[in-house]
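Here is a short set of questions and answers for a first look. Please keep the structure in view while reading.

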Number of protein chains: 2
Amino acid sequence: MANGELNRHEQLASDLTQAIREGLLKPGDRLPSVRETCQRRGVSPSTVFQAYGLLQAHGLVEVRPRSGFYVRPQPRPLRPAPQAAVPKPEAMDVSVSALAFDILESTRDPGVVPLGSAFPAPTLFPLDELARAGTRAMRRLRPEQVTTALTIGDPGLRETLRRRYALQGVPLQPDELVVTNGAMEALNLCLQAVTRPGDIVIIESPTFYAALQALERLKLRAVEVATDPAEGVVLEDLERLLDLHTVAACWFMPNLQNPLGAVMSPKRKRQLVELLARHGVPLIEDDVYGELYADGRRPPPAKAFDKDGNVLHCASFSKCLAPGYRVGWAAAGRHVAQVLRLKMMTSLGTSMPSQLAIAEYLVQGGYDRHLRNLRGALSAEQHRARRMVEHSFPAGTRVTLPAGGYFLWLELPPHVDALELHRRAMAAGISTAPGVLFSADRRFVHHLRLNVGHPCDPRVDPALRTLGRIASALGASQRQATGGRRRGAGAS
Amino acid sequence: MANGELNRHEQLASDLTQAIREGLLKPGDRLPSVRETCQRRGVSPSTVFQAYGLLQAHGLVEVRPRSGFYVRPQPRPLRPAPQAAVPKPEAMDVSVSALAFDILESTRDPGVVPLGSAFPAPTLFPLDELARAGTRAMRRLRPEQVTTALTIGDPGLRETLRRRYALQGVPLQPDELVVTNGAMEALNLCLQAVTRPGDIVIIESPTFYAALQALERLKLRAVEVATDPAEGVVLEDLERLLDLHTVAACWFMPNLQNPLGAVMSPKRKRQLVELLARHGVPLIEDDVYGELYADGRRPPPAKAFDKDGNVLHCASFSKCLAPGYRVGWAAAGRHVAQVLRLKMMTSLGTSMPSQLAIAEYLVQGGYDRHLRNLRGALSAEQHRARRMVEHSFPAGTRVTLPAGGYFLWLELPPHVDALELHRRAMAAGISTAPGVLFSADRRFVHHLRLNVGHPCDPRVDPALRTLGRIASALGASQRQATGGRRRGAGAS
């Protein structure tokens, strides 16, 4: 089991996962019978049953009684309402962080309904179990552990992570993994590892504001590429931009993009990775929501298609298991040495109590069950809240139909200024994340990201209704003002 | 007790600490009697006893039986052998990190005697008590705690820290404290908060290599100022450099400087702070070793003399309580808003399990007792190891007599190349920190920092003897080579 080697049943599950991803096994196909597989691979029936059970737990196959295991159908294609926006092709300096900071600071008050927050409700997480795992792990701590693996991360946690990658059909190099202070640090270190001040980085449009903040902090220039609310990065546009500019890196979220919720198909991910490899441009892949797919199977990361260490895959436990523990990681491909150096220089290491608690929790085996429950809770709430929005917001509002996660992205009618909506909502005790945060040129002025990851918070429904009323009032007064100016202009 | 207010006895102790620092109460002075103080302050005798007890615990006063409490004499002035080096006055680009990284990586092997390490022996720390404190704290955790104070830090820990500052006579502004991933992150954030790429930063000579790495990462230029092995930064030289250059910041360690162990006197600290305030240059104060003074009293930070928020004071628990927990902080003066923004952008927050464990440990009250034991153990070992060095190393070796901490700084005879010594020592299973790491222009080629913070490690004495033998051999072969070349030159 040392060095990330898989058990027999895990190896079998990993091989089948790859076969499904590569289309050798298609939705609706029956898996080979247990007896067949036993004979072909020379393994015992219990090994096969365990492997098929794993595939079932990962949502890749389903049992049909008295018939066998079948590859599950793909989740239905989604058709969210907002259209992909077409950004300017020029490189831009970035200065969004002051605005972002003010807005995010304003959402810290626990008395405010947290629809602008980045985190789902902390009550969704197994905090007690994690704490108990931490107690057990710290009891076994040998003193030398606290410093020997400080920079690269606890060996046990790194090994567990590597096994999870392997089980998802993503084999990693032995020393490719660096544990970090959340995904935020991983992304920042990876970005700095492959860029120099003044370089151009391609980001999505709209994009997660932390990407904009990172570019701003490192004095990088942004070029935005259109991102389809269902299909993710528009590859044709990307190709054009790669021809137009000398690009140092791309920072994308191929899985459950923030704020859109788009998931790129495996085919498009493979095309993306190949396109960037041809251009010699590293891909920084932000995959923090990858475990929060609503149904079907875990979407593979773009990293699954990386052949030459060109993809720096970043993720964390902050959104799916342990908020506040600040444990993330980068699988940094051939850039790992530089990432490790930067990690040593910027924060030296990652909290050992946090790392050991999570490693212990993962080994004890309740993580996948927790994830299933979490996905169920978030998905149900996302659909419910989406219907609330459709009923409460003014006509002309469009809202995404994301493939998971806990965000909704709204395009309000053209008369409604989302920043003004944010201000009035804050006055009413409700935070939101206005669209201007999600673009270097503050383009999304009529857009809004809502966090609907608070299934048990009784304040959410009244808050959504209040937001709808404010949006309607803003639309009406703006139309009136425009009409008034027009009338005034006519009279002069 | 909210908002950092002190108890009556703490307030009294704080006032007396200031009086001692400002020279109103001199070494040998008797404190006012308990009765006098009761009358003058309108407090109870037990309040006065508690206050005097605190001053005694902090090493500021001593009891003389049947006489009273007296201000303790200053620790004797130290006269370490190496002289202050005179650095070049020009600004330099920095590129030391690749070398530093290779050397530091090579010290990670637990089989290597860690004389090049940055940490003292982990067995010196109350790791079990911390773990138990963590268990208690996590049991009381309310879910919303994990995210509400994510960026600025846990309110309980910040309050406890603020009280410790106040007890040391350093009042902080209410929101000046930001919790960070160790002091390393605090220092990096503070440096970035007050500089832009290309700016000049004054550092000490020799300086802690992390300062050089931070400058390199942020593309800053270094100007080095001479630092006296006993008295710290040479203020006259500093003043000249401030007139010569446009300086964005100074990064100094006024307490137990790494690698020299120098402690600036309160008077010189005050002069330093006033000088920098006159020039409008922020001081980034690295105070991670401040608690490890060998005898006497805790040296005040330069921050104690800061009147206008110009000093960004950085410290952590990593060297004095909880290595591997990665909890540090910055008291960032008037730059706190910018530091907070950068913190949000680079790592979002600090591990809550680590923060809560330490906060709980501090509240339960064993910290000062632990510090006394730690100081005693480190100081005894430092003196013992210093005598070992004097016996084992070749004639002409000079070694500092630090005022605390766990480092020795050696100046080897001019024939001995310390980098070559490092390489040969590594081959013999002993790590060292060669002097070239401690200067932007790799000036300290005959110098060596030794970590002697491993009192119970039986490998230390043989390792010191081995190092001495290697140094002697290197000196002899180098002398021979030079002599040989000279003879060869004469014969041609």
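The questions below go from confidence to salt bridges, then to one arginine and a sheet.

This is a predicted model, where local features need pLDDT of at least 70, side-chain atom pairs count only at pLDDT 80 or more, and totals for chains, interfaces and linings use all residues. Residues are numbered from 1 along each chain as its sequence is written, chains are lettered from A and ligands numbered from 1 in the order in which they are written, and side-chain values use heavy atoms, with hydrogens and water left out.

Q: What is the mean pLDDT of chain A?
A: pLDDT is the predictor's confidence in each residue, from 0 to 100. In chain A, 92% of residues reach 70 or more. The mean for chain A is 89.

Q: How many contacts beyond four places in sequence does the model have for residues 486-492 of chain A?
A: Contact means heavy atoms within 4.5 Å. Over residues 486-492 of chain A, pLDDT stays under 50. Where pLDDT is low, the predicted coordinates should not be read in detail. The number of such contacts for residues 486-492 of chain A is zero.

Q: Which residue meets B:Asp237 in a salt bridge?
A: A salt bridge is a side-chain nitrogen of Lys or Arg within 4 Å of a carboxyl oxygen of Asp or Glu. Here the N to O distance is 2.6 Å. The two residues lie three apart in helix H10 (residues 235-244) of chain B, so about one helical turn separates them; helices are DSSP runs (H or I, at least four residues), strands likewise (E, at least two), numbered from the N terminus. The partner is B:Arg240.

Q: Is B:Arg268 buried or exposed?
A: Buried means under 20% relative accessible area, exposed over 50%, partly exposed in between (1.4 Å probe, protein chains only). B:Arg268 sits in helix H11 (residues 266-279) of chain B. The nearest side chain of opposite charge, B:Glu231, is 4.4 Å away, and B:Arg268 has no salt bridge; Lys and Arg count as positive, Asp and Glu as negative, with His and the chain ends not counted. B:Arg268 is buried.

Q: Which strands stand at the edges of the chain B sheet S11-S12-S14-S13?
A: This open sheet has four strands with antiparallel pairing; two strands pair if DSSP finds at least two bridges between them. Each edge strand has a single partner strand, so one side of each is left without a neighbour in the sheet. The edge strands are S11 (398-399) and S13 (433-434) of chain B.
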